[in-house]
Amino acid sequence: MAIYHLSMKPMSRSSGRSSVAAAAYRAAEKLTNQRDGLTHDFSRRSGVEYAETILPKDVDADWARDRSALWNAAEASEKRKDARVAREIEVALPHELSSEQRLDLTRAFAQSLADWYGVAVDFAIHSPHGDTDTRNHHVHLMMTTRKIGSDGLSEKSELELENKRLQALGLPTSHEQLRAIRIDWEAKTNESLARAGLE
C-alpha cells in the first residue's frame, strides 16, 4: 500500500548550507562551489537511481541542465549571508510502481513545479539501500528560488515571497501554495497507481 509523504523546506546560508553541496550529495556527483572554492565529492555514494534537471516548458535555458552551472548561478545570484539559496521537496515514491513508472511520475510532478513557478527543478531519485526499509523509494526535488531564463536567474518565484506581498498581489499564501503542491502530488500519484492497475 502506497504511503503518502511530502515535506518541503528551504535551504539557507544562515544554517550553513550550500545549494551546490546539496545538489552534489543528492545526485551523487562531484561539484565545486565557485563562491567559496569548496569541492563536494559524493560520486561514490550509492542509492541514487536517477537524476535530472527539469526546466519550464516555455523557457529556453539549456545552460541550466548542467548541474554545476545551475547551482553555482543560484549561489551567485544571492548576496546576503542569510540568503535562501534553494528549496527542497522530498516525497515518498510508491514502491508498488516500477522504476520507469516512478521516473515518469517524478518527471510529471517536477514539470508541473517548473511550469507553475518558472524555476528549474533538479531531482534525484533514491532507491532503498543499506539497512533502510526496502520500500523506501523517494525523490529529492531541489528548486531554484529564482525564476530561470536563457541568460540566468531573475526575480524570486512566488513561492519565496512573504505572505504580506503575496496577499497584496492577490496570490495564494505560502501555506495555500504548499497545500496546492500536496494536492497536485497526490493526484499525480493516484493517476500513476490507477494506470498501473493499483488502488
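Colleague: Which is Ala28, buried or exposed?
Modeller: This is a predicted model, so the answer rests on computed values. Ala28 has a relative accessibility of 14%. The cut-off for buried is under 20%. Ala28 therefore counts as buried.

Colleague: Where is Ala28 found, and what is its phi?
Modeller: Ala28 is found in the loop between H1 and strand S2 (30–32). The sign of its phi is positive, in a residue other than glycine. The value is near 55°.

Colleague: Which residues have the most contacts inside the largest nonpolar core?
Modeller: That core has 25 residues. Strand S5 (84–92), helix H3 (99–117), strand S6 (121–126), strand S7 (138–143) and helix H5 (174–195) each supply at least two of them. The residues with the most contacts inside the core are Ile89, Leu113 and Leu141.

Colleague: Which element gives the most to this core?
Modeller: Two or more core residues come from each of S5, H3, S6, S7 and H5. The top contribution is seven residues. It comes from H3.

Colleague: How many residues are in the second, separate core?
Modeller: Its members include Met11, Val20, Ala74 and Ile148. The second core has a count of 17 residues.

Colleague: Which residues does Leu141 contact, leaving aside its neighbours within four places in sequence?
Modeller: Leu141 is among the residues with the most contacts inside the largest nonpolar core. Its contacts beyond those neighbours are Arg87, Glu88, Ile89, Val91, Phe109, Ala110, Leu113, Val121, Asp122 and Phe123.

Colleague: What is the angle between the planes of Tyr25 and Phe42?
Modeller: The count comes to four aromatic pairs. Tyr25 and Phe42 form one that is edge-to-face, at 5.1 Å centre to centre. Planes over 60 degrees apart count as edge-to-face. Here the angle is 90°.

Colleague: Why does this pair tie together parts that are apart in sequence, and by how many residues?
Modeller: Tyr25 lies in helix H1 (residues 19–27). Phe42 lies in the loop between strand S3 (39–41) and strand S4 (48–54). The pair therefore links parts whose separation in sequence is 17 residues.

Colleague: Which label fits Tyr25 and Phe42: buried, partly exposed or exposed?
Modeller: Tyr25 has a relative accessible area of 34%. Phe42 is at 28%. The class between 20% and 50% covers both values, so each residue is partly exposed.

Colleague: Which residue lies over the face of Tyr25?
Modeller: The distance from the ring centre is 3.9 Å. The residue over that face is Arg45.

Colleague: What is the volume of the largest cavity?
Modeller: A search of the whole structure finds one cavity of 30 Å³ or more. Its lining is Ala23, Arg26, Ala27, Arg67, Asp122, Phe123, Ala124, His140 and Met142. H1, S6 and S7 each supply at least two of these residues. The volume is about 40 Å³.

Colleague: Where is His40, and is it buried or exposed?
Modeller: The place of His40 is strand S3. Beyond four places in sequence, His40 is in contact with Ser18, Val20, Ala21, Ala24, Glu29, Lys30, Leu31 and Asn33. Its relative accessible area is 16%, so His40 is buried.

Colleague: Which residues does Lys81 touch, not counting residues up to four places away in sequence?
Modeller: Lys81 sits in the loop between helix H2 (67–76) and S5. Its relative accessible area is 78%, so Lys81 is exposed. Its C-alpha is 6.6 Å from that of Ser14, although the two are 67 residues apart along the chain. The residues touched are Arg13 and Ser14.

Colleague: How far apart in space are Leu103 and Arg84, C-alpha to C-alpha?
Modeller: Leu103 lies in helix H3 and is buried at 16% relative accessibility. Its contacts beyond four places in sequence are Tyr50, Phe123 and Ile125. Leu103 and Arg84 are 19 residues apart in sequence. In space the distance is 28 Å.

Colleague: How far apart in space are Trp63 and Asp151, C-alpha to C-alpha?
Modeller: Trp63 is in the loop between S4 and H2, and counts as partly exposed at 25% relative accessibility. Residues that Trp63 touches include Ile148, Gly149, Ser150 and Asp151. In sequence, Trp63 and Asp151 are 88 residues apart. In space the separation is 8.6 Å.

Conventions:
Residues numbered from 1 in each chain as written. Predicted model: local features only at pLDDT ≥ 70, side-chain atom pairs only at ≥ 80, totals over all residues. Heavy atoms only, no water. Core = buried A, V, L, I, M, F, W, Y, C linked by side-chain atoms within 4.5 Å. Buried < 20%, exposed > 50% of the residue type's maximum accessible area, 1.4 Å probe, protein only. Helix = DSSP H or I, 4+ residues; strand = E, 2+ residues; numbered from the N terminus. Contact = heavy atoms within 4.5 Å. Phe/Tyr/Trp six-rings, centres within 6.5 Å; stacked < 30°, edge-to-face > 60°. Lys NZ or Arg CZ within 6 Å of the ring centre and 35° of its normal. 1 Å grid on protein atoms, 1.4 Å probe; cavity = no way out; pocket = protein on both sides within 12 Å on 5 of 7 lines; lining within 4 Å. Points joined across faces, edges and corners; volume = space filled by probe spheres on them.
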